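Please look over the model shown here. Some questions on strands and aromatic rings come after it.

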Amino acid sequence: MKKLNMSRIRCWFSKKCNRYSLEQQIAGFMCIYGPPPVMSMQVCLTKQDGAAYQEKIDTTLMVGRGKADNQLTLEGDNAISRQQFMLKQVYNELEIENKSITNPTMVNGIRLDSPQILQQGDCIQVGRSSYIITWKFRS
């Protein structure tokens with residue numbers, strides 16, 4: 001049996017991998033091995049008065065005033081649009097995207113113009129209401 005020259009293999013491998021960007025390497029890895037497992041999240045929106053809204057999110061979660069249009073319905077504020085914003089799980093992060101044309105969604109006092117990654121404890125302002133968002137992973 002022939003003995004492998006590991007230094008020669010490492011050299012060949014590094015030359016091949018350095019030729020591609022990190023994004024291309026990740027895409028190739030995912031093509032071979034598939035995406036990493038994604039755990040579902042339990043999202044909690046807590047209002048200033050203590051009212052809490054909880055919902056499980058697998059990929060996306062539409063949030064707004066309308067019961068028929070959303071997975072999570074925020075009640076008691078008519079200034080909230082029927083479909084106000086969408087929460088999207090991106091691997092182990094949570095992204096928020098404004099879906100309302102007339103009523104802005106704000107995160108920590110800044111108007112949301114494009115999708116943004118959320119941090120635990122961020123303040124989401126919609127209509128006349130403010131919510132603190134937290135989440136935990138579920139298996």
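The questions and answers below deal with one strand, its partners and an aromatic pair.

This is a predicted model, in which local features need pLDDT of at least 70, side-chain atom pairs count only at pLDDT 80 or more, and totals for chains, interfaces and linings use all residues. Residues are numbered from 1 along each chain as its sequence is written, and side-chain values use heavy atoms, with hydrogens and water left out.

Q: Are the two faces of strand β10 buried or exposed?
A: Strands are DSSP runs of E with at least two residues, numbered from the N terminus. Buried means under 20% relative accessible area, exposed over 50%, and partly exposed in between (1.4 Å probe, protein chains only). In β10 (residues 123-126), C123 and Q125 lie on one side and I124 and V126 on the other, and these residues are all buried.

Q: How many bridges join β10 to strand β11?
A: Two strands pair if DSSP finds at least two bridges between them. β10 and β11 (residues 129-138) run antiparallel, and one of their bridges links C123 to I132. The number of bridges is four.

Q: Which residue in β10 is the bridge partner of T105?
A: Strand β7 (residues 105-107) pairs with β10 in the antiparallel sense over three bridges. The partner of T105 is V126.

Q: What is the angle between the planes of Y53 and Y131?
A: Rings of Phe, Tyr and Trp (its six-membered ring) pair if their centres lie within 6.5 Å; planes under 30 degrees apart count as stacked, over 60 as edge-to-face and the rest as tilted. A search of the whole structure finds one aromatic pair. Y53 and Y131 form this edge-to-face pair at 6.1 Å centre to centre, and the angle between the planes is 70°.
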